[in-house]
Amino acid sequence: MARQSFLFTSESVSEGHPDKVCDRISDEVVDAFFRDGIAEGLDPWQIRAACETLATTNRVVIAGEYRGPRSVTVARIQDITRSAIRDIGYEQAGFHWANCNIEVLLHGQSADIAQGVDARQPTNQEEGAGDQGIMFGYACRETPELMPAPIYYAHKILEDLARARKTKNGDAAKLGPDSKSQVTVRYEGGRPVGVTQIVVSHQHIVEDLTSSDVRDIVEPYVRAALPDGWIGKETVWHINPTGKFFIGGPDGDTGLTGRKIIVDTYGGAAPHGGGAFSGKDPTKVDRSAAYAARYLAKNVIAAGLADRCTIQLSYAIGVARPLSIYVDTHGTGKADEGAIEAALGKVMDLTPRGIRAQLDLNRPIYARTSAYGHFGRKPDNDGGFSWEKLDLADAIQKAV
């Protein structure tokens with residue numbers, strides 16, 4: 001039997017963290033190829049983009065492969081990058097949106113990769129996966145969004161602080177873009193009931209702020225983000241525990257796309273296949289199949305078939321159908337796991353093309369996913385976060 005009483009910790013990082021700056025830029029580039037391609041009348045099924053970003057003191061390097069509209073030029077990518085950095089809030093001497101050096105090294109997609117991914121006629125061969133790999137999805141009843149509590153609240157703390165900072169809400173205007181949070185949740189009877197440790201390290205743009213000053217600013221937002229009664233006298237706070245945090249972002253620490261994959265998913269509460277999401281178009285199953293696995297896991301919970309559900313999908317490059325579908329309901333299942341596995345393959349086409357069609361992924365919806373998690377978000381009217389919908393629950397229940 002699974003442990004019922006324990007402590008579990010998850011961390012989050014803000015949109016201004018160096019790695020998240022890179023994730024944002026990479027996803028903005030992916031969005032640009034879809035946005036411009038669709039506007040120019042190109043077939044969105046044929047658009048490809050894989051973008052990696054490195055950021056350090058006043059320098060950004062963007063590399064990768066693409067197939068898409070010619071309007072996404074080097075100059076346009078540089079403008080997109082400056083706009084993203086400006087929106088995040090970097091106007092400091094060592095990293096400023098207006099004067100950082102931006103080097104763009106994108107080139108055409110490899111023909112060898114394309115031949116395995118593209119659907120081929122006249123043989124009607126299906127579109128293959130963009131790479132091999134294993135992808136996991138997870139859902140549980142710990143929060144209304146069916147996310148693990150530690151990562152959900154770690155994200156919420158930083159998202160609320162970022163909103164206050166960017167709207168110049170009181171003393172929050174003294175904070176900078178770079179920050180990290182960590183929440184240790186106490187479980188009793190298998191359910192989250194309180195917080196024992198809270199960590200927030202937050203950059204400040206007023207240089208002489210002390211750790212105590214920063215705590216006075218951030219504590220009200222932390223308390224508002226967490227459920228009533230979760231913070232008690234025994235809760236230990238660590239606010240800027242090293243002291244001064246004035247130099248932040250890529251000036252303080254080099255950033256790279258794809259280095260925060262646990263932050264992006266379930267905070268360590270569920271397995272991760274290893275592939276990053278940001279900077280990849282949806283032919284890359286690292287991204288699209290992970291979204292599909294979350295979608296299925298969430299709908300298994302909504303169908304009343306389990307209280308916790310982990311789903312694994314596996315793929316081979318150039319092969320359309322998943323090699324395996326695995327379901328684990330962690331002892332909470334109301335139906336046989338084998339029956340659920342069989343049902344999932346019936347209710348959703350899990351080929352790369354099927355996933356893109358079901359979740360409508362051929363659109364510019366990716367920059368918004370680059371901070372505060374790819375999961376546990378509300379679906380947007382324009383199709384963003386479509387994998388968070390609960391529209392498959394009835395079909396899964398009937399198929400089982």
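Here are some short exercises on the structure above, which is a predicted model, each with a worked solution.

**Exercise 1: A helix with a covered face**

Work out which residues of helix α2 are buried, and where on the helix they sit.

Solution. Start with the helix itself. Helix α2 runs over residues 74-88, so to speak a stretch of 15 residues. From first C-alpha to last, α2 reaches 21 Å, close to the 21 Å expected at 1.5 Å a residue.

Next, pick out the buried residues of α2: they are Ile-77, Ile-80, Thr-81, Ala-84, Ile-85 and Ile-88. Look down the axis of α2 and these buried residues fall within an arc of 130°, so they line one face of the helix.

Now turn to the other side of α2, where Asp-79 and Arg-86 are exposed.

What sits over the buried residues? The cover includes helices α1 (18-39) and α4 (149-166), along with strands β3 (59-67), β5 (95-96), β6 (101-108) and β8 (175-188).

Last, step just past the end of α2: Gly-89 takes a positive phi of about 120° there.

**Exercise 2: Salt bridges across the sequence**

Find out which parts of the chain the salt bridge between Glu-127 and Arg-356 ties together, then do likewise for Asp-307 and Arg-141.

Solution. A bit of background helps: side chains of opposite charge can pair when their charged atoms come close. The structure holds 31 salt bridges.

Take Glu-127 and Arg-356, whose side chains meet at 2.6 Å, N to O. Glu-127 lies in the loop between α3 (111-117) and β7 (133-140), and Arg-356 in helix α9 (residues 352-359), so this pair ties together parts that are 229 residues apart in sequence. Are these two buried or exposed? Glu-127 is buried, with a relative accessible area of 3%, and Arg-356 counts as buried at 1%.

Move on to Asp-307 and Arg-141, whose closest N and O atoms are 2.8 Å apart. Asp-307 is in the loop between α7 and β12 (308-315), while Arg-141 is in the loop between β7 and α4, so the pair ties together parts that are 166 residues apart in sequence. Asp-307 is partly exposed at 32% relative accessible area, and Arg-141 counts as partly exposed at 36%.

**Exercise 3: A salt bridge within one helix**

Work out how Asp-160 and Lys-156 are placed in helix α4.

Solution. First, check the pairing: the side chains of Asp-160 and Lys-156 meet in a salt bridge, 3.6 Å from N to O. Both lie in α4, four residues apart, which is about one turn of the helix.

Then compare with the cut-off: buried means under 20% relative accessible area. Asp-160, with 17%, is buried, whereas Lys-156, with 27%, counts as partly exposed.

For a salt-bridge network, look at Glu-15, Arg-24, Glu-28, Asp-87 and Lys-166, which are linked that way.

**Exercise 4: Inside the core**

Find which residues touch the most other members of the largest nonpolar core, and which element gives the most to it.

Solution. As a rule, in soluble globular proteins, nonpolar side chains tend to be buried together. The largest nonpolar core here has 103 residues, and those touching the most other members are Val-60, Ile-311, Tyr-315, Met-348, Ile-355 and Trp-387. Helix α7 gives the most to this core, with 11 residues.

Zoom in on Val-60. Leaving out residues up to four places away in sequence, Val-60 touches, among others, Ile-25, Leu-54, Phe-95 and Ile-102. Thr-81 and Ile-85 are also among the residues that Val-60 touches, and both are buried residues of α2.

**Exercise 5: Aromatic neighbours**

Decide how the rings of Tyr-152 and Tyr-153 are arranged.

Solution. A pair of aromatic rings is described by the distance of the centres and the angle of the planes. The count of aromatic pairs comes to 13. For Tyr-152 and Tyr-153, the ring centres are 5.0 Å apart and the planes are at 80°, so the pair is edge-to-face. Tyr-152 is buried at 19% relative accessible area, and Tyr-153 is buried at 10%.

To finish, trace a cluster: ring pairs link Tyr-138, Tyr-266, Phe-277, Tyr-291, Phe-375, Phe-385 and Trp-387.

Note on methods
Residues numbered from 1 in each chain as written. Predicted model: local features only at pLDDT ≥ 70, side-chain atom pairs only at ≥ 80, totals over all residues. Heavy atoms only, no water. Helix = DSSP H or I, 4+ residues; strand = E, 2+ residues; numbered from the N terminus. Expected span 1.5 Å × (residues − 1). Buried < 20%, exposed > 50% of the residue type's maximum accessible area, 1.4 Å probe, protein only. Arc of directions from axis to C-beta. Contact = heavy atoms within 4.5 Å. Salt bridge = Lys/Arg side-chain N within 4 Å of Asp/Glu carboxyl O. Core = buried A, V, L, I, M, F, W, Y, C linked by side-chain atoms within 4.5 Å. Phe/Tyr/Trp six-rings, centres within 6.5 Å; stacked < 30°, edge-to-face > 60°.
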